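Student: Could you take me through one part of this model closely? I would like to look at the pockets and what lines them.

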Amino acid sequence: MHGPGVEVDEGFMRMALQLARSAGEAGEVPVGAVVTKGGEVLGKGANAREATGDPTAHAELLALREAAKTVGAWRLPGATLYATLEPCPMCAGGLVAARVSRLVFGAADPKSGACGSLYNLCADPRLNHELSVERGVLAEDAGSLLTGWFSTRRSSFS
């Protein structure tokens, strides 16, 4: 265990899952993210691409933006980002750019995951920053939220 402990990780992941549920209820792909440091929440985000028309409005980037605003700087050393789904290349790049120290995610994303599934941008020594990654925290809850949402969407189009 690299981080503060299983209970702490699960608590913040539950917060991210609640954000994901809210996103799903609003018609967004249900992904949520929370940025913390020292047990304090610095930023939160939920997917908002449909509502904003912004292709970069992923939960992780929205949480990073809010965290940077909270601390008044774009660098977030010592911060942990909790995401319900393994970040895509864009979001993994954001974690590296923001110098986040640790990522904790729930469900793996075999189609676009860039933190171990398809790529591992968080641990690429060619980049200017690496961060530790904790995979699979409340993965079943995160995965079932996503599969349930997509199943409901598909059945409404049949």
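Tutor: Happily; here is a walk through two pockets and one acidic residue. This is a predicted model, in which local features need pLDDT of at least 70 and side-chain atom pairs pLDDT 80 or more, while totals for chains, interfaces and linings use all residues. Residues are numbered from 1 along each chain as its sequence is written, and side-chain values use heavy atoms, without hydrogens and water.

A pocket here is an open set of points on a 1 Å grid where a 1.4 Å probe fits, with protein on both sides within 12 Å along at least five of seven lines; lining residues have an atom within 4 Å of a point. The largest pocket holds about 230 Å³ of space. Its lining includes Leu85, Asp109, Lys111, Ser112 and Phe150, and helix H5 (residues 139–156) gives the largest share, four residues.

The second largest pocket holds about 170 Å³. Among the residues lining this one are Arg49, His58, Glu60, Leu85, Glu86, Asp109 and Ser112.

Glu86 deserves a pause. This residue sits in the loop between strand S3 (80–85) and helix H4 (89–97). Glu86 is buried (under 20% relative accessible area, 1.4 Å probe, protein chains only). Yet Glu86 has no salt bridge (a side-chain nitrogen of Lys or Arg within 4 Å of a carboxyl oxygen of Asp or Glu); Arg135, the nearest side chain of opposite charge, is 5.9 Å away. What Glu86 does have is a polar contact (N or O atoms within 3.5 Å, one able to donate a hydrogen and the other to accept it) with the side chain of Ser117, at 2.5 Å. The Glu86 side chain also reaches the backbone nitrogen of Cys115 at 2.9 Å.

Notes. Points joined across faces, edges and corners; volume = space filled by probe spheres on them. Helix = DSSP H or I, 4+ residues; strand = E, 2+ residues; numbered from the N terminus. Buried < 20%, exposed > 50% of the residue type's maximum accessible area, 1.4 Å probe, protein only. Lys, Arg positive; Asp, Glu negative; His and termini not counted.
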